[in-house]
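Trainee: I'd like a close look at a single part of this model. Please take one loop and work outward from there, in short steps.

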Amino acid sequence: MNKSAPTSGDVAKLAKVSQSAVSRTFTPGASVSAETREKVLKAARELGYRPNALARAMISGRSRLIAMMVAYLDNQFYPIVLEKLSRALQDQGYQVLLFMTETGKQDRVVQRILEYQVEGVVMASATLSSTLARECAKTGIPVVLFNRYVPSSPASSVTSDNIEGGRLLARFLVEGGHERIAFIAGAEDSSTNRDREAGFFKGLAEHGMTVWARAVGGYNFEGAAAAARELFSRKDRPDAVFVANDHMAFSVMDVLRGELDLRIPEDVSVVGYDDVPEAAWKGYDLTTISQSSQNMIEATVSILLEQIEKRVVKKRAAVVPSELIVRSSARKPKNS
């Protein structure tokens with residue numbers, strides 16, 4: 001027969017402390033003296049005791065779980081965010097549950113998420129309906145849209161300054177002497193694409209210019225490749241292209257060099273957005289806009305924990321500054 005697992009009562013008996021002292025020792029943030037903690041941990045090690053997080057959650061009403069929902073992980077930006085966010089929340093005594101979804105199925109996935117008694121929800125590369133966001137708010141569960149926002153939603157949001165980022169890229173390309181500047185869009189219905197494109201158009205207009213040509217890549221590798229073939233099959237092909245994120249920009253650069261035998265940046269300049277680690281690789285060396293994942297994660301954790309602890313859900317919007325990162329994929333202004 002299997003030996004029964006030790007209980008908190010067994011630990012309390014061996015450590016000669018109360019059972020509540022054992023509970024406090026294994027509860028993040030609970031008050032317990034150093035001497036008592038050492039006694040409990042020593043007894044737990046001797047007995048091979050492991051606290052039952054699920055049982056503790058049922059008793060305390062606190063699961064200390066945060067759900068993170070993503071629609072895709074192809075974009076190199078999101079695996080980095082997932083790792084950093086998980087570590088940041090673990091440092092605060094919380095754990096992340098990852099849920100994958102597909103376009104149009106977000107609300108159904110959120111309904112399942114709520115069955116796990118999570119204390120907060122982060123939506124990255126995904127969003128949810130305003131109706132469900134209001135339901136979450138009514139039940140005291142804060143929702144943060146990461147790297148996107150929905151004006152009509154009661155959910156909080158954390159984004160980089162996408163409008164300013166687009167504007168910075170436009171100015172950089174114009175000052176680099178480019179005259180036929182194209183844009184490859186991401187997902188048409190996403191706030192990131194709308195704002196980056198709006199900022200880009202604004203920056204060009206400030207210099208008396210407009211976008212030479214436009215195609216849609218849909219924020220995926222294959223879509224970006226098709227968009228590049230479409231734009232550069234023209235006789236009056238662009239001499240520069242802003243691709244709405246780095247993930248697509250890598251695909252565009254592969255097509256330009258590998259299929260069309262164009263030189264970057266001698267024949268065409270390419271710029272992206274996100275500054276994922278691969279952007280600095282020698283094979284791409286991509287000029288791009290950096291949106292600090294670290295600062296965005298800190299803002300996300302701050303919004304979540306403040307609302308969880310205060311038990312008040314209130315819409316907040318955090319915007320993190322963007323920064324132009326100049327590398328060799330685009331012709332530089334003469335005065336730089």
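Mentor: Start at Pro-265, which sits in the loop between α11 and β9. Keep in mind that this is a predicted model. The peptide bond leading from Ile-264 into Pro-265 is cis. Its omega is near 10 degrees.

Now step back to the helix before that loop. Helix α11 covers residues 246–258. Helix α11 lies across three strands, β6, β8 and β9. Against β8, α11 runs at about 150 degrees. Angles over 145 degrees count as roughly antiparallel, so α11 is roughly antiparallel to β8.

Those strands belong to an open sheet. The sheet has 4 strands, in the order β7-β6-β8-β9. The pairing is parallel. Strands β7 (213–216) and β9 (269–271) stand at the edges. Each of these two has a single partner strand, so one side of each lacks a neighbour in the sheet. From one strand to the next, the twist averages 20 degrees.

Look inside the sheet next. Strand β6 spans residues 181–185, and strand β8 spans residues 240–243. The two run parallel and are joined by 4 bridges. In general, strands of a sheet pair through backbone hydrogen bonds. To find the pairing on screen, use Ile-184, which stands opposite Val-243 in β8.

Another helix packs on this sheet. Helix α9 (residues 191–205) lies across β6, β7 and β8. Relative to β6, α9 runs at about 170 degrees. By the cut-off of 145 degrees, that is roughly antiparallel too.

Follow the edge strands out into their loops. After β7 comes the loop to α10 (221–232), and Tyr-219 lies in it. Tyr-219 is not a glycine, yet its phi is positive, about 65 degrees. Is Tyr-219 buried or exposed? Tyr-219 is buried, with a relative accessible area of 9%. On the other edge, Asp-275 lies in the loop between β9 and β10 (288–291). Asp-275 also has a positive phi, about 60 degrees, although it is not a glycine. Asp-275 is partly exposed, at a relative accessible area of 22%.

Go on to strand β5, which takes in residues 156–160. Here 5 of its 5 residues are buried. Ser-156, Val-158 and Ser-160 are on one side, while Ser-157 and Thr-159 are on the other. Both faces are covered. Strand β4 (residues 143–146) joins β5 through 3 bridges, running parallel. There, Phe-146 stands opposite Val-158. Strand β11 (residues 317–320) also pairs with β5 in the parallel sense, over 4 bridges. In that pairing, Val-158 stands opposite Ala-318.

End with a helix pair. The axes of α5 (residues 77–91) and α12 (residues 293–310) come within 10 Å. They cross at roughly 45 degrees. That makes α5 oblique to α12. The crossing is right-handed. From α5, the contact includes Phe-77, Ile-80, Lys-84 and Leu-89. From α12, it includes Ser-293, Met-296, Ile-297 and Leu-305. By class, the α5 contact with α12 has 10 nonpolar, 3 polar and 1 charged residues.

Notes:
Residues are numbered from 1 along each chain as its sequence is written. This is a predicted model: local features need pLDDT of at least 70, side-chain atom pairs count only at pLDDT 80 or more; totals for chains, interfaces and linings use all residues. Side-chain values use heavy atoms; hydrogens and water are left out. Axes are lines fitted to C-alpha atoms, for helices over the stretch in contact, and angles run from 0 to 180 degrees between N-to-C directions. Angles under 35 degrees count as roughly parallel, over 145 as roughly antiparallel, 65 to 115 as roughly perpendicular and the rest as oblique. A crossing is left-handed if the near helix is turned anticlockwise from the far one by less than a right angle, and right-handed if clockwise. Contact means heavy atoms within 4.5 Å. Ala, Val, Leu, Ile, Met, Phe, Trp, Tyr, Cys and Pro count as nonpolar, Asp, Glu, Lys and Arg as charged, and the others, Gly among them, as polar. Buried means under 20% relative accessible area, exposed over 50%, partly exposed in between (1.4 Å probe, protein chains only). Two strands pair if DSSP finds at least two bridges between them.
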